[in-house]
Amino acid sequence: LEQASKDLNIAWYTGRQEQVENSIYSMGDITALIPTEEVDICILEEPEHLNWYRAPGENWTTKFKHVIGIIHTNYFFYAQEQPAAFIRAPGMKLLCSWMCRCHCHRVI
């Protein structure tokens, strides 16, 4: 594990907070910040936040050999509390699922 911890690289990106939605969205092409020689496995925290307003650039699953997305937010639950929930909740669930599956090999 000592060598693995030396090889682990955590990268941060420029983002903006959307106060109305209480969410943080990326600014610019994050994949361009990662050198090609460092691509192998990528773990995306909240992949939907990284990709809702994604800048043009290389897709995560094209750049990395394996991409794992970790989802924390239950958008279906939030949408159930909104007006027109019977339409909004299933629609939000479907959109988030598509967004994460499009940019990740595996979603947790």
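## Helix α5 and its packing

The buried residues of α5 (buried means under 20% relative accessible area with a 1.4 Å probe, protein chains only) pack against β3 (41-45), α2 (47-51), α3 (60-63), β4 (66-70), α4 (75-80) and β5 (106-107). Helices (H or I, at least four residues) and strands (E, at least two) are DSSP runs, numbered from the N terminus. This is a predicted model, where local features need pLDDT of at least 70 and side-chain atom pairs count only at pLDDT 80 or more, while totals for chains, interfaces and linings use all residues. Residues are numbered from 1 along each chain as its sequence is written, and side-chain values use heavy atoms, leaving out hydrogens and water.

## Two faces of one helix

Which residues of α5 are buried? They are Ala85, Ala89, Cys96, Met99, Cys100 and His103. They cover an arc of only 105° around the axis (taken from the directions from the helix axis to the C-beta atoms), which puts them on the same side of α5. The face turned away from that buried side carries Phe86, Ile87, Trp98 and Arg101, which are exposed (over 50%).

## A closer look at Cys100

Let's meet one residue of helix α5, Cys100. Its relative accessibility is 3%, so Cys100 counts as buried. Leaving aside neighbours within four places in sequence, Cys100 is in contact (heavy atoms within 4.5 Å) with Pro47, Glu48, Ile71 and Val107. Glu46 lies 54 residues from Cys100 in sequence, yet their C-alpha atoms are 8.6 Å apart in space.
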